[in-house]
Amino acid sequence: YEFEETTSEQFNQAIDELTAQGMKGLIIDLRDNPGGLVNSATAILDRILTKDQLLVYTVDKNGKKQEEYTEDDETINVPISVLINGNSASASEIVSGCLQDYGKAKLVGTTSFGKGIVLPLGDGSAIKLTSAKYYTPNGRNIHGTGIDPDVEVELNSDSETDTQLEKAQEIVLQEIQAE
């Protein structure tokens, strides 16, 4: 539901269990995820992507750039879809934007919120004040614009079916069958 201290550990455990069960595709649901800890988001990306890939970078008000790279040799090599919507923000946009930039996942849903600002404090907390902006590996500024999905699908709240999830499943299945 958000990126907390335990999120990357829980993600890794789930991936290990799914891999042991013969996982052939993966759908990550970041809809209504307001974000959270950036280091949890980058740890998840570290598990998905190969070593030495740029994950995200910040540029502060003085133009100082700080980059985060993958360090882990593990990677996930199955088709991936990521569900996003207008309430997907911050760390969830870092994950979805990075995976989209590398062509590692197809994003399905609606444009994300567009919250790409950070002011970290010494105790690990942060306040919302534009001090630095987040950018995807391809240089897209998340703040104010959000991340556009590869396949835009509105969710009909009156319907019993989750049209966004159905589309993500369809995309992953097509990619599995194409392999």
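A residue is called exposed here when its relative accessible area is over 50%, and buried when that area is under 20%, with partly exposed in between. With that in hand, let us walk through this predicted model, beginning with two loops and ending at the start of the chain.

**Two aspartates with positive phi**

Asp52 has a relative accessible area of 57%, so it counts as exposed. Asp32, at 47%, is partly exposed. Most residues other than glycine have a negative phi, which makes the backbone angles in the table below worth a look.

| Residue | Place | Phi | Relative accessible area |
|---|---|---|---|
| Asp32 | loop between S1 and H2 | near 60° | 47% |
| Asp52 | loop between H2 and S2 | about 70° | 57% |

A glycine also belongs in this part of the story: Gly103, just after helix H3, has a positive phi of about 65°.

**Helix H3 and its surroundings**

How many residues of H3 are buried? Eleven of the eleven, across residues 91-101. The list includes nonpolar residues such as Ile94, Val95 and Leu99, and also Glu93, Gln100 and Asp101. Around the helix, its buried residues pack against helix H2 (38-48) and against four strands: S2 (54-60), S4 (80-84), S5 (106-109) and S7 (132-135).

**The nonpolar cores**

In soluble globular proteins, nonpolar side chains tend to be buried together. Here the largest nonpolar core holds 29 residues, and Ile48, Ile76, Ile80 and Val82 have the most contacts inside it. At least two residues of this core come from each of H1, S1 (26-29), H2, S2, S4 and H3. Which element gives the largest share of this core? That is H3, with five residues.

Val82 is a good place to zoom in. Leaving out residues up to four places away in sequence, Val82 touches Ile28 and Leu30, Ser96 and Leu99, and the run Ala105, Lys106, Leu107 and Val108. One of those partners, Val108, is part of a second, separate core of five residues, which also includes Leu83, Val153 and Ile171.

**Thr7 in helix H1**

Finally, take a look at Thr7, a residue of helix H1 (residues 7-20). Its relative accessibility is 14%, so Thr7 is buried. A polar atom of the Thr7 side chain lies 3.2 Å from the backbone oxygen of Glu2, and this side chain also reaches the backbone nitrogen of Glu4 at 2.7 Å. Neighbours within four places in sequence aside, the contacts of Thr7 are Glu2, Ser40 and Ile44.

Definitions and conventions
Residues are numbered from 1 along each chain as its sequence is written. This is a predicted model: local features need pLDDT of at least 70, side-chain atom pairs count only at pLDDT 80 or more; totals for chains, interfaces and linings use all residues. Side-chain values use heavy atoms; hydrogens and water are left out. Buried means under 20% relative accessible area, exposed over 50%, partly exposed in between (1.4 Å probe, protein chains only). Contact means heavy atoms within 4.5 Å. A polar contact is a pair of N or O atoms within 3.5 Å; within protein, one must be able to donate a hydrogen and the other to accept it, and residues adjacent in sequence count only if both atoms are side-chain atoms. A nonpolar core is a set of buried Ala, Val, Leu, Ile, Met, Phe, Trp, Tyr and Cys residues joined through side-chain atoms within 4.5 Å.
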